[in-house]
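Hello,

Here is the structure we talked about. Please open it first, then read the notes below it.

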Amino acid sequence: MRSPPLPRETTMRAPPLSRETTMRTRPLPRETPVLVIGGGPVGLVTSLLLSQRDIEHLVVERREETQRAPAAHVIRRRPMEILDGVGVGDEVRAVSSRLALDFITWCTTLGGAEVGRLGLRPADPETGERGPEPWLNCSQNRLEPVLMAAARRQQQAQVVSGVECVAIDQAPEAVVATLRTTDGNESQVEARWAIAADGAGSPTRRMLGIEMEGIGPLGRFAMIHFEADLTPWIRDRPGPLYWILHPEATGTLIVHDPERSHVFMTMWTGGADGQDETLPDRLAAALDVPVTPKILSVESWSPHVQVASRYREGRVLLVGDAAHRFPPTGGLGLNTGIQEAENLVARLAEVEAGGPHAGLLQGYEAACRPAAQANADESFENMKRLAEIARVIGSWPDLAGLERRIADLTDAERQQLAKAVDAQSSHFLSDGSFPDGG
Ligand SMILES: Cc1cc2nc3c(=O)[nH]c(=O)nc-3n(C[C@H](O)[C@H](O)[C@H](O)COP(=O)(O)OP(=O)(O)OC[C@H]3O[C@@H](n4cnc5c(N)ncnc54)[C@H](O)[C@@H]3O)c2cc1C
């Protein structure tokens, strides 16, 4: 059934707006065809796709600023095509890391013994030339401002920051959302459709009573964002990831910008009060190089392997991390979300053009949920497979013991280790599963 048209003034095109106008002074509308809750990367790509299809919409984002920590960094082939399709591909490439994606490295510490190296761009046996890079390395804190600026440039979009959706009610033909600004003012907006792109903790999903299915939390981790020039230790083996095996500082070093910006992920050993006093020392131990890292932020998080039991409740649809939470092993979270946004917006456009909404939107879950489940499983398998490397080496109480063990590996053990490293290739080279038709 075709949804009833909204009053004329809400469907008329607004003139292009300046960034300041959309952020601050333009009043929140009372009605909008589509409400997007959450202006993270998936909500913003959803907005660009809606604009491309000439669908007016409102995006509300509760933060005042875009993401500061680098977080996601892998943008794979199909999501990049989608970004190209909405016209931001070149801008995204321009803010991406220049670091060559040649290797993934396992080492005792960044400055210590190397345990294994996986080539991401094997050389052509005839020409000797390296293959293309397997993905684009774009830090989320550089991606989001590009998406935000582009979303705000579109005349079909009103994108407001500092506005939180605090309640959602559904009538047969509309969704009524209560919005609260940072200064506490509340207002209501009526939409034909709401898209919940409000992240892994999705308040909208909780308000709708949609359960997550799967496992988690799987422990607790710290994400330390720090500044340091690490060029001398990565120059000869450039790559985005260094798996650190130091027994007291095990973790993953993600190089976002070799001269400046990095993330170290390691176990959280602090209490529930938000403090882990051991982190600066563990970061220094993991690096083990003569630089003094400047810690910019510390966040704690827990991996989950979960997919929402359903992607739709009435006129509200889930997309991105609101619909699934994967371990970061494989970098599939954001990539899956961008592909879901494309699938969903194509269906909504058909519905808005008079298509049968029940079938089209039911099809969204049928197309995207199995792909999300497959990507959740793949991310978890990647996480488990990493243990193969430590299994060959065994566990050692301290760095000196580990380094002695590495030096004393037999030829057979070295071969086993090389095999365990090679077995990780699908983790870094797979594009994951696509939604049906994606
Ligand atoms: C360390 C790390 C590395 C990662 N690496 C990768 C990678 O390489 N590749 C990859 O694909 N994925 C990766 N991920 C996952 C990726 O960061 C997430 O999948 C991605 O951020 C999901 O985007 P999203 O827009 O769905 O959710 P979010 O980024 O969480 O955005 C949700 C937004 O909604 C807003 N919001 C929440 N509630 C409300 C509300 N009630 N009203 C209004 N706004 C609200 C939030 O403020 C937020 O801005 C990584 C994650 C981590 C932690």
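**Sheet and ligand shell**

Four bridges hold strand β13 (residues 241–244) and strand β14 (residues 251–257) together, and the two run antiparallel. Across this pair, Trp-243 sits opposite Thr-252 of β14. Bear in mind that this is a predicted model.

Both strands belong to an open sheet of seven strands. The order is β5-β4-β13-β14-β15-β12-β16, and the pairing is mixed. Why do β5 and β16 each have one side without a neighbour in the sheet? β5 (114–119) and β16 (294–301) are at the edges with a single partner strand each, so one side of each stays free of a neighbour in the sheet. On average, neighbouring strands in this sheet are turned by 20° against each other, direction ignored.

Helix α9 (residues 279–287) packs on the sheet. Helix α9 touches β12 (221–227), β13, β14, β15 (261–267) and β16. The direction of α9 makes about 70° with that of β12.

Now the ligand. There are 34 residues around it. Which come nearest? Gly-38, Gly-40, Gly-199, Gly-320 and Gly-333 do. The elements giving two or more residues to the shell are α3 (41–52), β2 (57–61), β8 (163–171) and α10 (333–352). Of these, α10 gives the most, with four residues. By class, the shell has 16 nonpolar, 12 polar and six charged residues.

Over to you.

Best wishes

How values were computed: Residues numbered from 1 in each chain as written. Predicted model: local features only at pLDDT ≥ 70, side-chain atom pairs only at ≥ 80, totals over all residues. Pairing = 2+ DSSP bridges. Axes fitted to C-alpha atoms, helices over the stretch in contact; angles between N-to-C directions. Contact = placed C-beta atoms within 7 Å. Near = placed C-beta within 6 Å. Nonpolar A, V, L, I, M, F, W, Y, C, P; charged D, E, K, R; others polar.
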